[in-house]
Amino acid sequence: MSALEKTQVDYDVIVVGAGFAGIYAVWKAKQSGFTVRGFEAAPEVGGTWYWNSYPGARCDVSTYSYAYFFDPEIVREWDWSNVCADQTEILRYLRFAADKCKVNESITFNTKVRAAKYLESEGLWRVTTSSGQEYVSRYVIMAIGALSTPKTPDIPGATDFAGLKLFTSDWPKDRKVDLAGLRVGVIGTGSSGVQVIPEVAKVAKTVHVFQRTANFVIPSEAGPVNPEQVSSLRAEPSQVRKDLRATFGGNQVFGIGEHRFSELDERGRQDALQRAWEGKYIALAFRDAHLVEANAAISEFIRQKMASVVTDPWTAKQLVPWDHPYGGKRPCRSDQYLQAFNSPHVRLLSLKETPIVKIETDGIQTSTEKFELDAIIYATGFDAITGAVFALDIEGLQGKKIRESWKDGPVNYLGTMVHGFPNIFFPSSAMSPSVLSNMATLAEQQIDFIVDSMLWLEEHDHGKLHPKAEAQEFWQKEVLRYAHRRPGALTTNSWYNGANLPNKPRVFMIYCGGFNKYHELCLSELRNDFPNYELLQTPELSLSAD
Ligand code: NA7
């Protein structure tokens with residue numbers, strides 16, 4: 001009896017996760033003639049937009065780009081209420097898209113995948129859920145997200161607190177959280193903290209914000225949608241899709257400065273900065289905004305703007321990020337965050353000056369003061385990009401675990417496939433344009449690349465594909481080469497490079513060569529029969545030493 005006869009294949013494709021990428025993956029794979037099963041830990045679709053349901057949660061990429069464009073009907077039938085939609089609206093949108101594409105029937109909800117093991121002699125994957133059920137497939141798409149494994153609070157006494165403990169990354173869904181009249185502490189001032197703090201300040205008796213590192217906070221692009229813009233998107237969605245893939249960031253930008261930094265005198269630079277501020281394109285105030293000197297001018301301009309909003313001089317100084325350039329950490333967007341600190345019941349604590357000593361049953365003790373609290377909100381971030389991969393037990397050729405392959409940091413080729421792990425794909429993961437691009441555009445582009453790769457394999461005797469070790473090494477160098485060019489990428493403590501977790505390898509995990517370039521590289525593999533990959537036939541023959 002042959003190996004193939006021994007193991008029954010349940011599905012051609014297993015898709016793990018039902019966020020932006022997972023929903024599209026299930027649809028696209030089905031459309032392409034594959035049998036598909038999706039697994040999702042949550043009770044419904046949404047991914048990030050399901051879990052992060054804290055008050056104030058909002059996308060800071062505009063809905064003109066942060067949306068699906070594969071289906072003209074979705075584009076034409078959905079009306080966004082805001083240029084930057086909030087979490088409730090994006091979740092409704094994803095439900096709508098999933099219904100429209102009839103993907104729910106192909107997804108098993110409330111089911112976490114625990115492990116995926118490559119059955120080498122059969123060339124198949126065995127996927128195990130946390131309840132122990134096993135399914136065998138020929139391909140696996142790990143659409144598990146880049147920011148889906150929250151960081152556990154690493155503060156002494158965190159479990160002792162007897163009051164209300166809330167996490168922005170897992171906000172309660174079964175009840176309305178009422179913070180009215182409560183004394184609330186918020187730990188963390190990244191995008192989630194910046195968004196939740198003003199909302200909490202609207203109802204709480206007091207808000208104490210425990211800040212470890214200040215972040216750049218610039219005005220939001222949120223506001224009423226422009227009907228003309230919407231009409232133009234609806235006219236030819238497939239063209240929009242193409243156009244987005246030809247941009248540097250996978251999104252439409254609000255504007256870009258007319259001149260290079262180097263062409264202008266000091267007066268001209270200040271004028272350009274002010275124009276960009278008013279036009280909401282401050283990050284692109286100059287044509288060469290990516291250069292260190294231009295970035296330094298942009299950073300300084302934003303610092304001044306931020307400080308000017310806050311009345312109390314000490315608080316203003318603490319809220320301004322002096323220790324990194326703009327873009328070194330993920331910039332936050334809000335029109336209410338800095339302003340909230342002008343309210344008498346909102347107080348900033350700088351953990352650089354007075355660190356938290358411990359959390360106690362009734363509050364937080366810093367090195368100088370005790371704060372009695374009714375609720376603590378943790379907005380402390382994620383084990384970004386690699387966390388979701390390591391949360392699974394993934395075993396490839398010759399029993400090698402992905403944990404082992406990635407022990408010094410993630411390695412892959414074109415951000416989707418890992419040497420030694422045939423026919424398993426990782427969209428939205430490490431070494432892709434990832435979180436420095438528009439994740440919705442990326443989801444569609446990567447899933448197209450992945451499904452086209454699977455179709456190519458179908459035409460090549462159902463072979464198994466994985467990148468060559470040398471292609472992976474090349475890509476690692478390429479990611480680093482572009483990181484060197486990005487101000488602050490290698491010098492700032494950020495979750496972009498693993499610095500937000502102790503013992504995490506310090507590796508910059510995002511490809512910054514541009515979405516357009518990335519897309520072209522993917523297409524070139526498809527057009528040239530995957531020159532940087534190894535095609536294995538069952539039984540597997542080789543795994544290059546790495
Ligand atoms: P972030 O951006 O990682 O922010 C987490 C914040 O929590 C950040 O200010 C951290 O300070 C702070 N933090 C983490 N651990 C601690 C401890 N132990 N003590 C004090 N402060 C701490 O996560 P977000 O959820 O805000 O945003 C993630 C992304 O989600 C966002 O960029 C969007 O893409 C959506 P630090 O900077 O590490 O000093």
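Is Ser434 buried or exposed? Select it and see: Ser434 is buried, with a relative accessible area of 0%. Keep in mind as you click around that this is a predicted model.

**Stop one: around Ser434**

With Ser434 still selected, colour by secondary structure. You're in the loop between β18 (424-425) and α15. Now show what Ser434 touches beyond its neighbours within four places in sequence: Ala146, Ile385, Ser428, Ser429, Met439, Leu442 and Ile510.

**Stop two: the largest nonpolar core**

From that loop, move on to helix α15, residues 439-459. Ten residues of the largest nonpolar core come from this helix, and that is the largest share. The whole core has 111 residues. To find its best-connected members, pick Phe20, Met142 and Ile394, which touch the most other members. In soluble globular proteins, nonpolar side chains tend to be buried together.

Zoom in on Ile394 next. Skipping its neighbours within four places in sequence, you'll find it in contact with Ala116, Trp125, Met142, Val389, Lys400, Lys401, Ile402, Phe421, Ile424 and Phe426. Note that Met142, another of the residues touching the most core members, is in that contact list.

There's another core apart from this one, with 49 residues. To land in it, select Val184, Ile282, Ala285 and Ala297, which are among its members.

**Stop three: the ligand**

Now bring up the ligand and the 20 residues that surround it. The closest are Asp154, Ser192, Thr213, Lys329 and Arg330. Try three distances here:

- Thr213: a polar side-chain atom lies 2.4 Å from an oxygen atom of the ligand.
- Ser192: here too a polar side-chain atom is involved, 2.6 Å from a ligand oxygen.
- Ser191: this time look at the backbone, where an N or O atom lies 3.0 Å from an oxygen atom of the ligand.

Switch on a surface before you leave. On its own the ligand has 780 Å² of accessible area, and the protein covers 86% of that.

**Stop four: the cysteines**

How many disulfides are there? The count comes to zero. Start with Cys59: the nearest cysteine sulfur belongs to Cys84 and is 6.5 Å away. Cys59 is buried, at a relative accessible area of 5%.

Finish at Cys522, which is in no disulfide either. Its nearest cysteine sulfur, that of Cys512, is 15 Å away. Cys522 counts as buried as well, at 1% relative accessibility.

Methods. Residues numbered from 1 in each chain as written. Predicted model: local features only at pLDDT ≥ 70, side-chain atom pairs only at ≥ 80, totals over all residues. Heavy atoms only, no water. Core = buried A, V, L, I, M, F, W, Y, C linked by side-chain atoms within 4.5 Å. Buried < 20%, exposed > 50% of the residue type's maximum accessible area, 1.4 Å probe, protein only. Helix = DSSP H or I, 4+ residues; strand = E, 2+ residues; numbered from the N terminus. Contact = heavy atoms within 4.5 Å. Disulfide = S-S within 2.5 Å. Near = heavy atom within 4 Å. Polar contact = N/O pair within 3.5 Å; in protein donor to acceptor, adjacent residues only side chain to side chain. Areas by Shrake-Rupley, 256 points an atom, 1.4 Å probe, with all protein chains shown as cover.
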